[in-house]
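Me: I should like a close look at one part of this model, namely its buried salt bridges. Please set the account beside the helix packing found elsewhere in the chain.

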Amino acid sequence: MRTPFLRVAALAAPPVLAALVVAPFSVRFEGFWPWDPRVVDLEVYRYTGQVLLEGGDILTARTPRDGLAFIYPPFAALLCVPLVVIPLVALKALWLAATAIVLFAVLYRLGLTGWPLSLVTTGCVFFVEPVRETIGFGQVNVFLMAMVVLDLVPGPRLSGLLVGRRLLPAGVLTGIAAAIKLTPALFAVYLLVARQWRTARWVVLSAGAATLLGLVALPRESIAFWQILLSGDTRTGYTSFLFNQSILSAVLRFLGETGSAHRLGLILSACVALVGAWAAALWHRRGHVLFAVSLCGVATLLASPLSWTHHFVWVVPLAFAIRNRVLPPLVRGLATAFVLWVSAAVFKQMPWGQGVELTYAFGDKLVAAVTPMLGVALVVAAAVTTPRRSTSRTTRPRLETPAVQ
């Protein structure tokens, strides 16, 4: 029996209002009225669309107010064009409301219903630092996480209120997410190892088609983007910044921003990415799809050269995955510690900016590296404690069967 649309709207209203309230205070600590939060990343997206329409260079353009660059692939820049036609304040309200609704849909997929669904979503907006900061910056993190979770994790569909069937094959949304931001491409590796051939094929095909669209529409920008990416230039400043919680950033804070330290950090990142994808595939083949997808999501954060604290919205599905008591105590303990540490983000009270991270005492460097250290420990523990046989009631994961979506 389907839940009436008006009841769903009433349940979604509190997290939407929470997002509108949090936005002015999360990052900039502005006044609430007149309501016009400085969601700086959303302003970058909109400005990029404007630059494209005016025939400018999206790779060299910087926002007039903050001097920020657009660092996503050219396909993502194409998606920014429609943002230009919406008045800025209205765009901010719509973007933040959509962020809350998408998070609401994710938690519905993970099993929450009724007022617990509404209250937990609202709580995530207020108290989970990556979610709160994503809202404050007007970032895409919740959207990208939701695209993967709603694509790959079986469960009830909020869209079932409007349509009776799944509209896209499994893997398409994940592929589009990888074309918008490269890190979700790791899910293709995980799916291949998990022998989810059809879903992996759709990830690759959709990501390739979207990237090709960007190349055809913006050939010069596409070639230049990949050249810049392969050169290792992130175009965001120094990688050792405290709010960057990737493996690479931790290595650079310990060893300094040298070429050898950078190479070591990238090698470690690649190793963790592969181990994470492999471990996720093993858990998937044992029937634990939610934990597998969440684990791979964590691996993408650890392996990416830039993983700002607001990228870590993957702690939301991970928090639900560790309710599974079949997981070994070590894995559950590490995952719980990771979720709590990332959600609280107490390390942000340390001095940061202007290169001060490179002058930290050894103890401060350890505190600044707790997130990647916990994440790596979780990935390794999940890899070495995978049960030999399925411990799920469903002995064969049914990800590729649309009926379970």
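Reply: What follows treats the salt bridges first and the packing of helices afterwards.

The model is predicted, and a search of the whole of it finds nine salt bridges. Side chains of opposite charge can pair when their charged atoms come close. E43 is a suitable place to begin, since its side chain takes part in a salt bridge with R38, at 3.9 Å from N to O, and in another with K92, where the closest N and O atoms are 3.5 Å apart. The second of these pairs joins two helices: E43 belongs to α2 (residues 40-53) and K92 to α4 (residues 88-109), so parts 49 residues apart in sequence are tied together.

The surroundings of these side chains can be stated in terms of accessibility. E43 has a relative accessible area of 12% and R38 one of 14%; because buried means under 20%, E43 counts as buried and R38 does as well. K92 is buried too, as is its partner E43.

A further pair spans a wider stretch of sequence. The side chains of K348 and E133 meet in a salt bridge, with 3.2 Å between N and O. K348 is located in the loop between α16 (329-344) and α17 (362-368), whereas E133 is part of helix α6 (residues 129-137), so this bridge ties together parts that are 215 residues apart in sequence. K348 is buried at 15% relative accessibility, and E133 is buried with a relative accessible area of 8%. As for the bridges that share partners, they join D36, R38, E43, R65, D66 and K92 into one network.

Helix α4, which carries K92, also packs against helix α1 (residues 5-26). The angle between α1 and α4 is about 130°, and their axes lie 8 Å apart; the two helices are therefore oblique to each other. The crossing of α1 past α4 is right-handed. From α1, the residues V8, L11, A12, P15, V16, A19, L20 and A23 meet A93, L96, A97, A100, I101 and F104 of α4. In this contact 14 residues are nonpolar, with no polar and no charged ones.

Another helix pair is formed by α14 (residues 289-303) and α18 (residues 370-384), which pack at about 140° with axes 10 Å apart. These helices, too, are therefore oblique to each other, but their crossing is left-handed. On the α14 side the contact is made by F291, L295 and L302, and on the α18 side by T371, P372, G375, V376, L378, V379 and A382. Eight of the contact residues are nonpolar and two are polar, while no charged residue takes part.

Both α14 and α18 also receive the buried residues of helix α12, which pack against α13 (259-285) and α17 as well. Seven of the nine residues of α12 (residues 247-255) are buried, so this helix is largely enclosed by the rest of the structure. The buried residues are I247, L248, S249, A250, V251, L252 and R253. Just after α12, G256 adopts a positive phi of about 95°.

To return to the part requested, E43 bridges to R38 and to K92, and these three residues belong to the network of shared partners.

Definitions and conventions. Residues numbered from 1 in each chain as written. Predicted model: local features only at pLDDT ≥ 70, side-chain atom pairs only at ≥ 80, totals over all residues. Heavy atoms only, no water. Axes fitted to C-alpha atoms, helices over the stretch in contact; angles between N-to-C directions. Helix = DSSP H or I, 4+ residues; strand = E, 2+ residues; numbered from the N terminus. Parallel < 35°, antiparallel > 145°, perpendicular 65-115°, else oblique. Left-handed = near helix turned anticlockwise from the far one by under 90°. Contact = heavy atoms within 4.5 Å. Nonpolar A, V, L, I, M, F, W, Y, C, P; charged D, E, K, R; others polar. Salt bridge = Lys/Arg side-chain N within 4 Å of Asp/Glu carboxyl O. Buried < 20%, exposed > 50% of the residue type's maximum accessible area, 1.4 Å probe, protein only.
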